[in-house]
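Please take the learner through the reading of a sheet and of aromatic contacts in the structure shown here.

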Amino acid sequence: MKTIITTFLLAIFVSILAMDNEFIMHEICTDYNEGMEIFSIDFDNDGDFDLLTAGTDCMLWLNDGAGNFSEEIVYTNPSWPRSIRAADLDDDDDNDIVIAALASNQVVLLENTGTGFNLTILDGSLIMPHTIDLKDLDGDEDIDILCSEFDTSNALSEVVWWRNDGNFDFSDKIIISEIFQQSTYVFADYIDSDDHMDVVACGELLNDIMWWQNDGNQNFGDGIVIDLNFNRVHTVVGNDLDQDGDVDILGAACMGGLLAWWENDGEGGFTRNDIDPFGGALWMDCADFDNDGDNDLFAVGQGPDAAYIYENMGDEVFEEYPLPGLFEDGFSATAQDFDNDGDMDLAAIGRSSHQICWWENKFYGANFTVEHVTGNSPFAASFTDLSNSIEPITAWFWDFDNDGSFDSFEQNPTWTYEEPGIYSIFLEVQAGEEMISFLKEDYIQVFNGHTALEFNEQENHILCSAESSINITNAFTIEAWIYPYTYGPDTNFGLGRIFDKAAVSIFLSNGFPLYPDHCLVMQMDHADGTTSSSATQENSILLNEWTHIAVSYDGIDQVRMFVNGDEIMSNQPTAPTGILEINADEDIYLGNLSNLNKAFEGIIDEVRMWNYFMEQNEVQENMNKYLHGWESGLLHYWQFNEANGDIVFDATSNNDGTIFGASWFQGIELDPVETEQITIDPINIDLKCYPNPFNPSTTISFTLNAEITDNAEISIYNLKGQKIRQFKILNDQLSITWNGTDNNDKPVSSGIYLYKLKAGEFQQTKKMLLLK
């Protein structure tokens with residue numbers, strides 16, 4: 001991709017707000033024609049938020065991490081591009097772009113090739129396509145495309161979607177609704193509790209807002225009314241304003257001059273709450289600008305000559321503050337931390353004013369962060385001061401256990417926690433004559449060496465790439481320790497997944513007609529096309545207690561199922577029929593299904609997979625103790641004792657997993673392994689890379705103890721856990737150079753990569769950033 005120009009700060013306006021924030025206005029561009037929409041995303045996967053804008057020229061604005069943006073034209077069309085969105089549509093680890101061009105009646109796809117874009121017209125049948133959203137409507141892990149139609153001929157406007165079948169292959173348009181007149185905005189999200197992506201849209205001419213419930217097969221029905229009297233509604237946005245775990249709706253009515261939000265009761269029932277009148281309101285959304293733990297509102301429109309923030313005062317009361325600087329005809333806005341300083345900034349686009357601006361949030365007060373909030377004792381926590389003040393800060397007073405005594409006076413200290421526990425952190429800073437303090441309660445959790453992962457959100461999971469996993473077709477045994485809070489997200493049947501690899505799935509059931517209540521189930525897909533299922537006894541799985549589970553198959557027709565070491569399989573609705581369907585190309589998911597709609601709700605620990613049919617005495621012998629990782633027949637062994645980071649290591653070295661959303665938690669305490677293990681002091685490894693970030697190459701260096709040099713290797717992984725490059729380390733070798741290519745010498749895309757050193761029984765993984 002060719003960078004055309006670099007834009008830095010063009011103008012600055014400063015204002016102090018009563019919410020203890022100073023916002024500084026940066027004008028990115030002042031001559032942007034017909035700017036209609038601004039969208040934020042980490043487009044180049046370099047760890048900071050970039051911008052996309054829809055106007056006469058659709059632009060990509062790449063952020064250098066400090067809020068300086070370089071400009072690139074991605075699409076030029078005088079036919080009034082109205083909406084722009086980006087996501088990875090073809091599963092190639094880079095972001096593609098979708099544009100709705102209002103006057104040409106086209107929905108345009110821009111496939112990201114890494115060096116440019118391939119343009120495709122997805123559809124030309126809509127009359128004035130207005131707004132795009134990119135979500136997985138059918139739960140197949142591919143991002144689908146959703147669009148609203150703004151037909152000004154008084155005809156009924158369509159709300160439609162295109163199913164993504166993978167590899168940039170889209171269906172013909174599928175109509176969800178054609179009841180609106182001038183449908184200005186549409187989005188998809190989980191509106192009720194059934195784990196199917198629903199659709200929300202508004203119609204400007206008839207003042208209505210509606211949602212369509214997805215039945216799981218993408219039948220959306222006739223629609224459910226949210227409001228029929230939001231005068232000339234222009235925009236509806238989904239966000240959890242009141243932070244109660246469901247998606248509320250925030251709306252702006254242009255010609256009605258109204259702002260309002262609708263509180264969701266969790267099942268798609270809504271209660272309207274009006275905000276102050278706002279002339280020409282075009283956009284309202286929410287974010288936490290003052291770091292007080294609740295969401296504030298932000299809005300732009302055609303009437304005011306400024307962007308506005310509404311501080312959340314609690315009890316559904318909001319106090320209005322204009323942001324500094326002249327900003328007119330605001331069409332849309334987006335909130336992200338654009339300068340990576342720990343607080344939320346704002347960016348917005350003005351149509352007739354030709355402006356693209358962002359407001360740097362300088363939150364005045366004491367604040368800090370830490371590299372990891374969890375760890376095993378002794379845990380060295382590295383703190384970074386994020387405090388801001390008008391007066392220079394000259395002194396720092398840290399209390400790392402909130403016991404009333406100061407432990408450090410450095411600006412960015414490291415403190416070692418020797419004992420397990422949950423710790424509150426207090427920081428007081430001196431700015432001039434003023435002392436400013438900040439307490440983060442229960443901020444650090446230190447474990448006793450036995451950790452696990454808690455799954456408490458719909459999309460929480462661990463991904464273990466198919467590239468490194470075993471093809472399970474014959475005999476196997478899978479075991480784990482679980483602490484379930486519920487039987488799963490399905491209201492009627494539970495179905496929370498513990499382990500899934502397409503041909504083998506292990507889950508909890510409660511009330512499903514084929515199985516006993518409160519039981520463990522294993523399903524297998526066989527090579528002959530049949531599916532078998534086996535279940536444990538009724539009430540064999542209880543909630544809110546640690547339970548060891550194991551399932552074993554002989555590869556022919558015998559299944560054994562164990563709960564806490566006892567064999568208690570009770571029924572087989574369908575018996576197994578030989579070897580399993582080939583699954584070599586299927587990823588392993590721990591804590592969810594591949595489409596992320598059947599999350600386990602609770603804690604998982606100590607997941608093991610073996611390549612043989614296991615007897616009860618073997619399950620009982622090993623279930624209460626740790627293993628080495630080299631035991632005969634052991635295929636995978638995720639111990640979950642890392643205590644922090646986003647990787648769970650496979651002690652067999654076959655397949656490390658990437659954590660998505662799950663949180664570190666206290667695990668089951670097992671007995672140590674029976675024989676002495678050789679341990680290597682990680683300090684002697686000294687694994688690092690330089691430069692980092694890098695382009696086009698970086699040098700990974702290390703220092704290995706002589707006793708672990710044999711069979712040492714460096715592996716490079718993407719964030720999906722896929723191994724893309726591997727280097728064998730020769731005797732006396734102290735470094736390797738990676739030039740950003742995979743094992744086939746093909747360049748990889750920019751973004752964050754993991755590099756792992758494995759030497760003997762020692763493993764260490766770190767991150768690096770490739771920029772292009």
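The dialogue below turns from strands to rings in this predicted model.

Q: In what order do the four strands of the open sheet run, and how are they paired?
A: The order is E12-E13-E14-E15, with antiparallel pairing. Neighbouring strands in this sheet are turned against each other by 15° on average, direction ignored.

Q: Why is one side of strand E12 and of strand E15 left without a neighbour in the sheet?
A: Strand E12 (129-135) and strand E15 (174-180) stand at the edges and have a single partner strand each, so one side of each lacks a neighbour in the sheet.

Q: How many bridges join strand E13 and strand E14?
A: Four bridges join E13 (residues 144-149) to E14 (residues 157-162) in the antiparallel sense. Cys-147 is found opposite Val-160 in E14.

Q: How should one read the geometry of the aromatic pair Phe-368 and Trp-398?
A: Planes over 60 degrees apart count as edge-to-face. The count of aromatic pairs is 33. The ring centres of Phe-368 and Trp-398 are 5.3 Å apart and the planes stand at 65°, so this pair is edge-to-face. Phe-368 belongs to strand E31 (residues 368-370) and Trp-398 to strand E34 (residues 393-399), so the pair ties together parts 30 residues apart in sequence.

Q: Are Phe-368 and Trp-398 buried or exposed?
A: Both Phe-368 and Trp-398 are buried. Ring pairs also link them into a cluster whose members include Phe-383, Phe-400 and Trp-415.

Q: Which charged end sits over the ring of Phe-368?
A: That of Lys-440 does, 4.8 Å from the ring centre. Elsewhere, Arg-497 lies over the face of Phe-507, at 4.0 Å from the ring centre.

Key. Residues are numbered from 1 along each chain as its sequence is written. This is a predicted model: local features need pLDDT of at least 70, side-chain atom pairs count only at pLDDT 80 or more; totals for chains, interfaces and linings use all residues. Side-chain values use heavy atoms; hydrogens and water are left out. Two strands pair if DSSP finds at least two bridges between them. Helices (H or I, at least four residues) and strands (E, at least two) are DSSP runs, numbered from the N terminus. Axes are lines fitted to C-alpha atoms, for helices over the stretch in contact, and angles run from 0 to 180 degrees between N-to-C directions. Rings of Phe, Tyr and Trp (its six-membered ring) pair if their centres lie within 6.5 Å; planes under 30 degrees apart count as stacked, over 60 as edge-to-face and the rest as tilted. Buried means under 20% relative accessible area, exposed over 50%, partly exposed in between (1.4 Å probe, protein chains only). A charge sits over a ring if NZ of Lys or CZ of Arg is within 6 Å of the ring centre and within 35 degrees of the ring normal.
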